[in-house]
Amino acid sequence: MEGMANPTILGYADRLSVAPGDRIRFMVSCEEGDRYRADLVQLIHGYTDPAGPGFKERVVEHPLNGERPGRRQHPRSGSYVVVDGGPDPTGSFSLAALLWPTTPAKGVQGVLTRWSGEEAPGWGLFIDERGRAALWLSDGRTVGRLSAGAALHPRVWQAVVATFDADGGRATLAVRPLVSSTNAAFGRLVELEAPPAAEARIAVRPTPSAAPLLIAAHDGPRGVVGHYNGKLERPRIVGRALSQAEVERLLADPSTDLEGALADWDFAAEIRPAGVPSLRVSDRSGNGHGGRCVNLPTRAVTGHAWDASEERYLHAPRLYAAIHFHDDDVEDVGWEEDFSLTVPEDLPSGVFAMRLRASNDEDHIPFFVRPRPGRPTAKIAFLAPTASYLAYANEKIAQETAVGQAILAHTPVLQRGDVFGYEHPEFGHSTYDLHSDGSGVCYSSCRRPIFNMRPRHKAYTGSSLWQFPADLCLIDWLDHFGYRYDVLTDEDLDREGVDLLQPYRVVLTGTHPEYVSTRMLDGLESYLNLGGRLMYLGANGFYWIIAFHPERSGVIEVRKAESGSRAWQAQPGEYYLATTGERSGLWRNRGRPPQKLVGVGFSAEGFDVSSPYRRLPDSYREEAAFIFAGVEEELIGDFGLVGGGAAGLEVDRYDLALGTPPHTLLLASSEGRHSDGYQHVVEEVMFMFPGLGGTQDYQVRADMTYFTTRRGGGVFSTGSIAWCGSLSHAGYENNVSRITRNVLDRFAQDDPLPPVRRATA
Amino acid sequence: MPEPSTPPDRDAAVARRFDDWIRPRLRAMITDELIAEHERQPLGQHSDALERVLNYFRRQPIPDKYAIVCTVPDREWRICRLSGRRGVGPALIDDEVFNSEEKAHHAVFLRRIRDLRGS
């Protein structure tokens with residue numbers, strides 16, 4: 001934007017978590033100039049606000065550090081299927097597919113193509129510049145086009161069949177809407193007429209094409225373009241011109257098998273008991289023309305036959321034989337590698353970054369160095385909530401969601417990264433955003449520049465912190481007091497389970513570990529049952545059900561189902577994860593509210609100012625004495641970098657009905673101290689009524705809790721995202737810091753925690 | 001038969017009529033005391049009257065909506081309008097620079113009051 005310089009240097013790494021000996025690759029784009037400097041740094045503290053300790057990093061001496069040649073690289077976004085080899089009919093042929101287009105008016109979109117432009121031989125089924133289904137043929141000199149008589153309807157299934165008779169040069173194109181009560185933007189009461197069948201003479205004799213066979217896009221001089229938006233089902237190529245009777249039969253029953261199919265892609269074929277994570281698509285023609293998905297289009301979506309009789313695709317693959325493609329899907333923006341780092345054996349576990357500098361600008365590409373598996377180097381582990389970092393990657397709510405300012409309870413304060421990310425949607429979205437066609441973003445990947453996962457990035461909630469830069473406040477605090485700690489990531493926990501955590505006396509969460517997989521929850525629960533200790537130093541944790549992609553590291557999937565504070569809601573019938581087959585949505589709706597694991601769970605959110613906690617009687621019990629040693633005050637955290645208090649942003653509540661262990665001590669709470677900008681969370685509101693804000697609802701509060709588990713384990717929770725923003729106040733000497741130290745020092749000891757007795761009154 | 005691809009959305013007419021109804025009522029609530037209250041404390045809990053006015057401002061549609069943009073980290077903030085079109089960044093409304101977020105918040109509020117009174 002005018003008045004703000006664009007970044008001159010951008011980059012990303014191919015992974016987030018590495019151990020000594022692992023190799024991590026860096027991709028860099030010099031937006032200006034042709035040289036940059038790279039340095040390996042350890043990140044300590046990111047928040048630059050003068051009220052805090054300021055930016056802190058340590059350069060790590062390494063032979064890689066230094067000047068490098070660079071060049072501009074352009075991101076590639078948009079999903080499609082590529083079929084290596086594949087049929088290339090040069091005689092008569094037919095193309096058929098079922099389409100549920102979402103943006104038919106957006107311009108030329110490839111459906112099933114071998115096409116790199118008019119000047120080269122090729123053919124394809126397209127949506128043309130006027131939103132009509134179209135058949136194009138080129139022999140490199142002459143181009144023949146045939147378009148349907150009317151534009152395709154958005155969000156309606158339509159069968160499209162094109163035929164080409166090479167001998168007579170005759171082409172036909174037929175489109176038939178297939179509206180049921182459940183499968184379209186509207187129901188059967190809306191009359192949609194099929195456009196009259198189109199027919200033309202096309203004097204083109206197709207010759208072999210050099211273009212790749214693509215589904216949902218077409219090739220171009222500088223790579224794949226013409227991305228299709230919408231769902232696509234059963235594209236096929238038949239090696240002859242279908243007769244009019246055959247076309248009619250196919251339009252009436254799109255499941256009809258056809259003689260002479262050269263390729264017949266069945267997107268349901270990969271559906272297995274463990275989901276449909278496969279990046280492959282199968283050819284059922286028997287000719288072996290399977291394809292491969294690029295940039296993660298969405299599978300496990302309803303197809304034309306979906307009739308609401310089944311919501312779990314595993315049970316009815318035929319109803320889920322579609323893939324939803326988006327022109328802004330991003331799994332990897334596809335930059336060339338600039339250099340790679342083999343993590344030195346003597347590099348301590350920690351939060352690191354490759355710092356890039358060029359033309360008076362700077363970028364950091366963060367990554368996490370964990371110890372080698374089974375070789376812990378400390379008693380304390382910080383579990384970096386990388387799934388949640390990804391969920392918010394390049395989030396755009398403040399700039400495109402009308403109620404965003406109402407949720408914030410103030411005008412957003414945009415940072416450069418927010419603006420640049422919005423100006424460049426080709427770097428992909430967060431799971432809080434919509435695709436360009438209005439459908440929710442259910443995947444997020446680390447292989448792209450992520451502008452808000454940067455140490456200096458402030459949240460648009462104002463002078464405030466969110467996710468990665470917020471968690472650096474905890475890293476800085478650990479560093480300040482000289483604690484030795486290992487850093488682990490969500491994906492490590494997902495892959496290795498309890499074995500990852502078991503060596504540690506205590507595990508610290510980040511400020512907002514919101515997105516968790518089954519294996520992560522299982523790992524944490526098992527760890528606690530084996531005597532482990534957990535410090536949950538945040539809020540709205542353990543909330544969304546996600547999965548990591550089993551074939552691609554650094555990728556999460558979530559389906560925002562019909563409850564929860566959600567930026568979008570999945571389409572009916574699409575609540576199950578493609579990556580595992582599990583139902584997504586909120587953990588509380590699958591019997592695992594966060595209270596069962598950490599004693600507290602999401603209760604309210606607001607983003608104007610933060611508040612202190614006030615101690616409760618349980619904080620004076622003998623079992624809690626170690627937590628409050630040296631704390632004289634009744635009010636805890638009436639200060640801090642995030643909204644001026646330790647209880648703020650999102651806050652969690654103790655609730656026996658939601659599974660808080662009955663012996664849990666409720667140590668302190670912030671009830672009655674929040675504004676009406678803080679509203680009770682929607683998943684707990686059965687009926688709407690006035691008075692759900694902080695000044696009227698006692699459950700709008702952050703609770704601090706403590707309970708013990710078997711074998712001397714225990715959980716301490718603060719129930720507030722803002723907590724860690726208060727740690728550095730007054731030179732790190734304050735009651736938030738004192739309480740955190742007290743708990744960490746005790747939790748890091750080997751001897752078991754004395755069990756908290758069940759309260760009797 | 002209407003073309004379902006581009007349906008006219010009658011909802012917009014209701015939204016306009018509602019707006020015509022509510023804006024005079026909100027205008028009548030704007031007083032010097034209310035403005036002073038916001039200046040004293042742009043963020044946090046306000047009087048019921050000020051909350052009501054702010055709730056209206058905050059939920060307006062995105063195109064041309066005011067936002068604050070930090071143009072120099074920790075030092076300078078300016079007022080912009082959002083585009084409502086992905087790919088198009090916000091546009092600064094003028095040259096005025098604020099040295100705190102709070103001042104920018106209040107300046108946005110004053111603009112919105114002016115716009116409300118001007119309609």
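This passage describes the two chains of a predicted model, from their overall form to their shared interface.

Chain A is a good place to start. Its secondary structure amounts to twelve helices and 45 strands. With a radius of gyration of 28 Å, close to the 27 Å that the globule rule gives for 761 residues, chain A is as compact as a globular protein of that length. Taken along the principal axes, its C-alpha atoms fill a box of roughly 95 × 60 × 50 Å. Buried residues account for 61% of the 761 residues in chain A. Among contacts in chain A with a separation of 6 or more, 75% join residues 24 or more positions apart.

The chain is divided into three parts. Domain 1 of chain A is assembled from two segments, 9–74 and 336–369, while domain 2 covers 80–325 and domain 3 covers 380–747. Between domain 2 and domain 3 of chain A, the C-alpha centres are 43 Å apart. These two domains touch through 23 residues of domain 2 and 21 residues of domain 3. On the domain 2 side of this contact, strand β23 (residues 298–301) of chain A supplies the largest share, four residues. By character, the domain 2 residues that touch domain 3 split into twelve nonpolar, eight polar and three charged.

Turning to individual strands, β27 (residues 361–369) of chain A deserves a closer look. Seven of its nine residues are buried, so β27(A) is largely enclosed by the rest of the structure. Strand β26 (residues 350–358) of chain A runs antiparallel to β27(A), and nine bridges join the two. Within this pairing, Met354(A) has Ile365(A) of β27(A) as its bridge partner. The hairpin of β26(A) and β27(A) has two residues between the strands, and here Ser359(A) adopts a positive phi near 45°. Strand β27(A) is also joined by two bridges to β2 (residues 17–18) of chain A, this time in the parallel sense. In that pairing, Ser17(A) is matched with Phe368(A) of β27(A).

Another sheet of chain A can be followed strand by strand. It is an open sheet of three strands in the order β41-β38-β43, with antiparallel pairing. Strands β41 (650–654) and β43 (679–680) of chain A form the edges, each pairing on one side only. Two bridges link β38 (residues 600–605) of chain A to β43(A), again in the antiparallel sense. Across this pair, Glu605(A) stands opposite Gln679(A) of β43(A).

Chain B can be described in similar terms. It contains four helices and three strands, and its elements follow the pattern α-α-α-β-β-β-α along the sequence. The radius of gyration of chain B is 17 Å, whereas a compact globule of 119 residues would have a value near 14 Å. Its C-alpha trace spans about 60 × 35 × 25 Å along the principal axes. Of the 119 residues in chain B, 26% are buried. For contacts in chain B with a separation of 6 or more, residues 24 or more positions apart make up 40%.

How do the two chains meet, and how many residues of each are in contact? The contact involves 34 residues of chain B and 38 residues of chain A. On the chain B side, the elements giving two or more residues are α3 (48–58), β1 (66–72), β2 (76–81), β3 (91–92) and α4 (101–118) of chain B. Strand β1(B) gives the most to this side, with six residues. The residues of chain B that touch chain A comprise 18 nonpolar, nine polar and seven charged.

Strand pairing also takes place across the interface. Strand β29 (residues 413–414) of chain A runs parallel to β1(B), and two bridges join them. One of the positions in this pairing is Val413(A), whose bridge partner in β1(B) is Ile68(B). Strand β1(B) thus appears both in the strand pairing with β29(A) and as the element that gives the most residues to the chain B side of the contact.

Terms used
Residues numbered from 1 in each chain as written. Chains lettered and ligands numbered in written order. Predicted model: local features only at pLDDT ≥ 70, side-chain atom pairs only at ≥ 80, totals over all residues. Pairing = 2+ DSSP bridges. Contact = placed C-beta atoms within 7 Å. Nonpolar A, V, L, I, M, F, W, Y, C, P; charged D, E, K, R; others polar. Rg over C-alpha atoms; globule rule 2.2 N^0.38 Å. Buried ≥ 20, exposed ≤ 12 C-beta atoms within 10 Å, placed from the backbone. Domains from an automatic or database assignment.
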